Each structure stands twice: as structure tokens, then as C-alpha cells.
Amino acid sequence: MTQHFQSISVFTKDPYKKILAFPTPKNSEIKKRIIELKKLGVSHVSFTGPLQIGKCQILGKGYVGMVVLAKQNRNLVALKIRRIDSPRKNMLNEAKLLKIANKIGVGPRFIENSKNFLVMEFIDGEKIIDWVRKSEIKSKDLRSVINNVLRECFLLDNVGLDHGELSTIDKHVIVQKNKNTIIDFESSSINRKPSNVSGATQAIFIGTGLAKIVQKKVKLPTKRKIINLIRKYKKNPTLENFEKITFGLKLQKKGKFVKEVSILSKDKKLGHLVKKIGPCTMRITKNPYQTLVEAIIYQQLSEASATAITKRFLEIYGKFPTPKQVFDTSNKKLKDTGISSTKINYIKGLSEQILQNKINFRKISKLDDEEIISELTKIKGIGNWTAQIFLMFCLQRKDVLPVDDLGIKKGIRDLFSLKELPTTKTVEKFSDGWRPNRSIACWYMWKNQRINSIG
Ligand SMILES: Nc1ncnc2c1ncn2[C@@H]1O[C@H](COP(=O)(O)OP(=O)(O)O)[C@@H](O)[C@H]1O
Ligand SMILES: [Mg+2]
């Protein structure tokens, strides 16, 4: 999408006028609205997007608003402009409801509003109905998107916010690369019984439009079975009954640590993350050598670079190498994968010690968490973090807390709405209630940020 920004004064001219005060722009109204925009700090607008109105391209149009790409204080935002003929008198109520949705991580992020405008996060993607029509969309992707949408619906049901327009879900979910977003809280309410999961499930699987395409792309149980699942959930909207829908529709597989996850799902802070993400699909690496090497590669790197490096490392060998294979590989070849010289030394040192039988993983695995950390950190290149990753992802120890992990610090910061990254002490304090399942709690925080490095 090409973005060409113009000052908001273009709104005084044709054909742009009509977007600012649809459908019948009067000069006095245009003037008032431009002042209102300036107060909001909205300075520029770009006429780009999938929808053409007269000679203007915009992001979208509904009964209440026209949505355009704009700049507010230099940031890219979506600007929803109240239509003159809108049934709503102002944008206050929509703003209030969007804020409630945001509290549980749903909807585009609310930024600011005024009488006629709502400034929110710009969701750069396509409407689910356009996305799903593309031939390259595989059933696996489709399942994962639908699963995410329904999970957000479940969260909305849980806080008592009824979206109100999920029966026309085609237009109200935007699919992006790594996530999807439910939009438009204009018709939402906290005063009626929420029917997000039931409405969306029907619209996705049973209705017309989207459902017709979904039915072609994924194998589904009979209509009767789907309706039964919805009914059961409607009667008693618990997490268990919700998962019966997701499992019944084969949107996801059952996860690990079911009992522990159920306990964490009741936690005041972590609960909504658990509900949103669903079953714990932590990937366990049984091979201790592999866990340690991967963890060393991941140290201090972002997920993207670590994944790319690990992939190139694997390409040298085809499958995960033995310590001997790694030890015999030239430093140059390893360096070409992007692994730093320091880490190559660590990995080779580790490989050598294993080859010389100086490390006995079987014996180590029988020790308790603290003893294992103190054993492993004797090895050069293995610090607390790497040893803790080993405990979690190789030995499946359930109560590990990598206090210095950046992702965990960010996770705690966001869950407890802290202004800054927490100190080690604060991380320990706030996660105390998750004992004895802190490894699983950590997995949810990582997963939530998609920086789930190893598992
Ligand atoms: N935050 C956003 N980012 C990108 N596009 C958006 C955003 N919000 C809305 N849109 C687009 O604008 C259209 C109309 O917005 P919507 O909120 O549904 O308006 P209405 O309340 O009038 O129905 C949507 O279908 C979508 O295509
Ligand atoms: Mg709408």
C-alpha cells in the first residue's frame, strides 16, 4: 500500500470533503471538524486503502464511520470519522467500549477520541473474507486464525462485553501476518448477555459468506454436532465447554500440563492470557545436548535472528548433530551460520566435555533444580538462564523462573501494568502466586509476545 501523506487541510477540497463529512459536507461542519482534528494532534492523512469512495481510496466504511489512514504526532494511526448521517451522536460510547476490549488485549489499541473522531491503532491487513478467498490459504492457517478469533470471543464473553456484530464477522476481523484483530466496537454493549463465541462460531461455520468458504477449506463435523457444541457452551460458558468447541472443530490439539493450565487459568492476572492462548503446546526437546546448544545460540538474541541462525546451523548437518560432528566442524563453517566466535567456543567446549564423558546428563537429571543449575553453570558459556531453559524444556521441570529473561520481565511489566521493566526481586514477588507452575506461566508470557524462544 503506497502511503502518500497530505496535510489535513486537503479535507477542505473536493473530493476529500466528502470523506470528512459523509455524505453531504457543509463548509461550516468541515471547518469545525478540522479544528477538532488539530486538537487531537492529527496532522496528516493518506488516501490509501482497499475501498474507493468517489475518487478517494480509504481504509473502510461502515454505517457509523469512514476510516482513513492518518498521522497523529508522527505516528501512523487509523482515524474513524463519524458520518454526518450516522445513527450515533458521538464517538464516546465506542471509545469506552473499545477501552474495555483493550483491557483484555482485544481490538485495535485505543489512542484518543473526540466527539466526531476515534483515533486507534492502524491494523495493516485484510478483511477475513478477502484473506480466506485466496487460494494459497491452507487449512492449517485458517484453523489457526479461526482459533484465535474464537479465543478472543471467549475473552469478551468472559468480561461481559458483547461485540454485537460478529454475525457479520466477514467485515469485522482483520487478518495480519502474525495475528488477527476483531474491530468495530460501535454496536457493543456491556448490558446484554454476551454471545460472541456462539455468534462467531455460527457465522464462521454455519452461515453464508465466510462459512461457505470455510466449509470448502476445512473438514468439519456435522452441522448438528457444531450446534450441539454451541448449545452446551451457551448453557454453561466455561473454559472447558469452550475448549470442547475448539477441539470438536479440530481448531487445535490438546496441550500439555492440563491440570496446571487449568489452575493458572483461574489466576486473576495470568488467567486471560491462558484463555487467549489456549492449551500449552510447549515443545519439549528430549536431547540434552540439543537443548543446551540451542539455548546458547539463543542467548541475548531476538527470536528472529536466533531462529535464522539455528536454521542455518541445522542445514550443515541435515538433522541435529552429535557433539562429535560439531566438534569436527571448522570454526569458519560455524561462523558462516551467524554464530558468534564466543558462542562457537562455548559450543565446542561443551561438545568436547561430552565427548570426554565429563558430563553425565543421566545423573544430572536426577538432581533437584538448584543442584542442576549449580552443576551446569560450571560449564563455560552456561549461565543461570541457559541452565533454567534446560530445566524447563528438556527436563520439564514445572516451577522454574528465569528471572533475568527479558521476555519474562516484559511479560510481568505488561500483566501488572508497571511503568518500567521490573527488577529481579519484583519478578519474583509478582510471580509468587504461580508456584508450583511458574515454568508454565512463563511459557504463556513468552507465547504472548511470540518470543517463545525454544519451546
Ligand atoms: N483500526 C483499523 N485499521 C484498519 N482498518 C480499519 C480499522 N478500523 C476499521 N477499519 C476499516 O474500516 C471499515 C469500517 O470500520 P468499522 O469500525 O466497521 O465502521 P462502522 O462502525 O461504521 O461499521 C472496516 O470494515 C475496516 O475495513
Ligand atoms: Mg462495522
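Three short exercises on this predicted model follow, each with a worked solution.

**Exercise 1. Domains**

Task: Find the domains into which the protein chain is divided, then state how far apart the C-alpha centres of domain 2 and domain 3 lie.

Solution:
- Start with the bounds. Domain 1 covers 5-124, domain 2 covers 127-252 and domain 3 covers 288-449.
- Then take the separation. Between the C-alpha centres of domain 2 and domain 3 there are 37 Å.

**Exercise 2. The shell around ligand 1**

Task: Describe the residues that surround ligand 1 by number, origin and character.

Solution:
- Count the shell. Ligand 1 is surrounded by 20 residues.
- Pick out the closest. They are Gly 60, Gly 62, Val 64, Val 67 and Asp 184.
- Assign domains. Domain 1 and domain 2 each give at least three residues to the shell.
- Assign strands. At least two shell residues come from each of strand 5 (60-61), strand 6 (65-72) and strand 7 (75-82).
- Sort by character. The shell holds 10 nonpolar, 3 polar and 7 charged residues.

**Exercise 3. Helix 12**

Task: Explain why helix 12 is described as largely enclosed, and identify helices that cover its buried residues.

Solution:
- Locate helix 12. It spans residues 288-298.
- Apply the burial cut-off: 20 or more other C-beta atoms within 10 Å of a residue's own.
- Draw the conclusion. Of the 11 residues of helix 12, 9 are buried, so the rest of the structure largely encloses this helix.
- Name buried residues. Among them are Tyr 289, Leu 292, Glu 294 and Tyr 298.
- Find the cover. It includes helix 13 (303-317), helix 14 (323-327), helix 16 (341-355) and helix 19 (384-393).
- Check what comes after. Gln 300 follows helix 12 and has a positive phi, near 60 degrees.

Methods. Residues are numbered from 1 along each chain as its sequence is written. Chains are lettered from A and ligands numbered from 1 in the order in which they are written. This is a predicted model: local features need pLDDT of at least 70, side-chain atom pairs count only at pLDDT 80 or more; totals for chains, interfaces and linings use all residues. A residue is near a molecule or strand if its C-beta atom, placed from the backbone, lies within 6 Å of it. Helices (H or I, at least four residues) and strands (E, at least two) are DSSP runs, numbered from the N terminus. Ala, Val, Leu, Ile, Met, Phe, Trp, Tyr, Cys and Pro count as nonpolar, Asp, Glu, Lys and Arg as charged, and the others, Gly among them, as polar. Domain bounds come from an automatic or database domain assignment. A residue is buried if 20 or more other C-beta atoms lie within 10 Å of its own, exposed if 12 or fewer, and partly exposed in between; C-beta atoms are placed from the backbone. Two residues are in contact if their C-beta atoms, placed from the backbone, lie within 7 Å.
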